[in-house]
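The following report describes selected local features of a single protein model. The sequence and the structure come first, and the description follows.

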Amino acid sequence: MSGPSTPASPKPPASPSSAPARDPSSSVLTSDGYVGVLARGLHRRFACAATTPAEVTAWQRAFRPELMRMLGIDRIAERGVPDQAPRLVGTTTLASHVREEWRIPTEPGFELPVFLLKPLDPQAGRRLPVVLTPHGHGKAGKATYAGIATDEASRREMIDGERDIAVQAVEAGFIAIAPDMRAFASLRMKRELDADACSSCRTMQMHALLFGRTLIGERVWDMSRLIDWAATRPDCDATRVVITGNSGGGTISLFAAACDERITVAMPSCYFCTFEESIGSIWHCECNYVPGLLAHAEMADVAGLIAPRPFLAIAGRDDELFPVAAVRRSFESLKAIYRAAGAEDRCALSIGDGGHRYYKQDAWPFVRRFIGE
């Protein structure tokens, strides 16, 4: 694995979201060439061309509410925040930490199942930084991130892929909050639960769209409500919040940090790339899509909303879903935004020698660099 990369600084491009050059003769709007043709020469309203911190701030103030609107977060907010209290379901004491199971109301009529992991013997009265660990596709959901395996094969996969992210966080001295994400695990629809299918993403995304919402927006909303909850706890320091997850968890790590400025450090794994060359180029789950987004911004622009807060993109050299060449190009665009914000040293890229999985080697040193502990 390479360490966090800070490549030489090119001059800021006029549009950091520009895609690689393509054959200009390929302009026929075929089914296979649809994304490339529409993306070519597109004027994206929120492609960041800022060159000073003040310009970056002004661009963020314009783009962030529009992104949240595209995600449907304004529609979710219309229903209000529930007034019922979180419920503690159970507590398990393990060798290195305590694992609590909670139900957290995040919108009226809905409770989010979460594990909270905390060190065995935290110093009395000491508030610890919080690490949110949204998971990606899979039936096990939060259990894998909390280090729970159903058999030896799943345990081996979890360890080899460094997927026990919440355990890593608590063993690093933080409080970890590992939620089930909507449409996965216990939050699948009955049909998928009965069939033991991976997810209910397609149906739940289509239903969300009927109401001007998206699954990404709902999952981002849940992350914000978990920060609200952490702020009420005497053991959590909600002024120091990290978010990190792999694949679909990387999606939410990126979008949640872009939308909620209370997130201190963002570390999406195996997601940061370009929209055009990842979810716009091969089959991806329906939950990845935000109507109209690519017409307004590329992924580096979304990530640019996090500047000047610390950002570490984690990628796999052999990840076929999010190709590393496109990851590098998108990272250069993001570096231009961070450079304009006066925070180039807070933006890094870590590439692991493998495929679509989590790589922890650079993650926790990066967190400690910016929030201590």
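## Surface patch and helix α1

Leu29, Tyr34 and Leu38 together form a nonpolar surface patch of about 300 Å². The model in which this patch appears is a predicted one. One of the patch residues, Leu38, belongs to helix α1, which covers residues 34–39. Leu38 has a relative accessibility of 42% and therefore counts as partly exposed, since that class lies between the limit of under 20% for buried residues and that of over 50% for exposed ones.

## Helix α9

Helix α9 comprises residues 215–232, which makes 18 residues. At 1.5 Å a residue, the expected span is 26 Å, and the end C-alpha atoms are 26 Å apart, so the two values agree. Helix α9 is also mostly covered, with 15 of its 18 residues buried.

## Cysteines

How many disulfides does the structure hold? The number is zero. Cys270 accordingly takes part in no disulfide, and its nearest cysteine sulfur, that of Cys273, is 10 Å away. For Cys347, the closest cysteine sulfur is in Cys48, at 12 Å, which is too far for a bond. The criterion for a disulfide is a pair of cysteine sulfur atoms within 2.5 Å. Cys270 counts as buried because its relative accessibility is 1%, and Cys347 is likewise buried, with a relative accessible area of 0%.

## Ser330 and Gly249

Ser330 is placed in helix α13, which runs over residues 324–340. With a relative accessible area of 2%, Ser330 is buried. The side chain of Ser330 reaches the backbone oxygen of Cys273 at 2.6 Å. Cys273 is also the residue whose sulfur is nearest to that of Cys270 among the cysteines.

Gly249 is part of helix α10, made up of residues 248–259. Is Gly249 buried or exposed? Gly249 counts as buried, because its relative accessibility is 0%. Along the chain, Gly249 and Glu344 are 95 residues apart, and their C-alpha atoms are separated by 25 Å.

## Accessibility values

The table collects the relative accessibility of the individual residues discussed above.

| Residue | Relative accessibility | Class |
|---|---|---|
| Leu38 | 42% | partly exposed |
| Cys270 | 1% | buried |
| Cys347 | 0% | buried |
| Ser330 | 2% | buried |
| Gly249 | 0% | buried |

Methods: Residues numbered from 1 in each chain as written. Predicted model: local features only at pLDDT ≥ 70, side-chain atom pairs only at ≥ 80, totals over all residues. Heavy atoms only, no water. Patch = residues over 30% accessible without salt bridge, like charges linked within 9 Å, V, L, I, M, F, W, Y side chains within 5 Å. Areas by Shrake-Rupley, 256 points an atom, 1.4 Å probe, with all protein chains shown as cover. Salt bridge = Lys/Arg side-chain N within 4 Å of Asp/Glu carboxyl O. Helix = DSSP H or I, 4+ residues; strand = E, 2+ residues; numbered from the N terminus. Buried < 20%, exposed > 50% of the residue type's maximum accessible area, 1.4 Å probe, protein only. Expected span 1.5 Å × (residues − 1). Polar contact = N/O pair within 3.5 Å; in protein donor to acceptor, adjacent residues only side chain to side chain.
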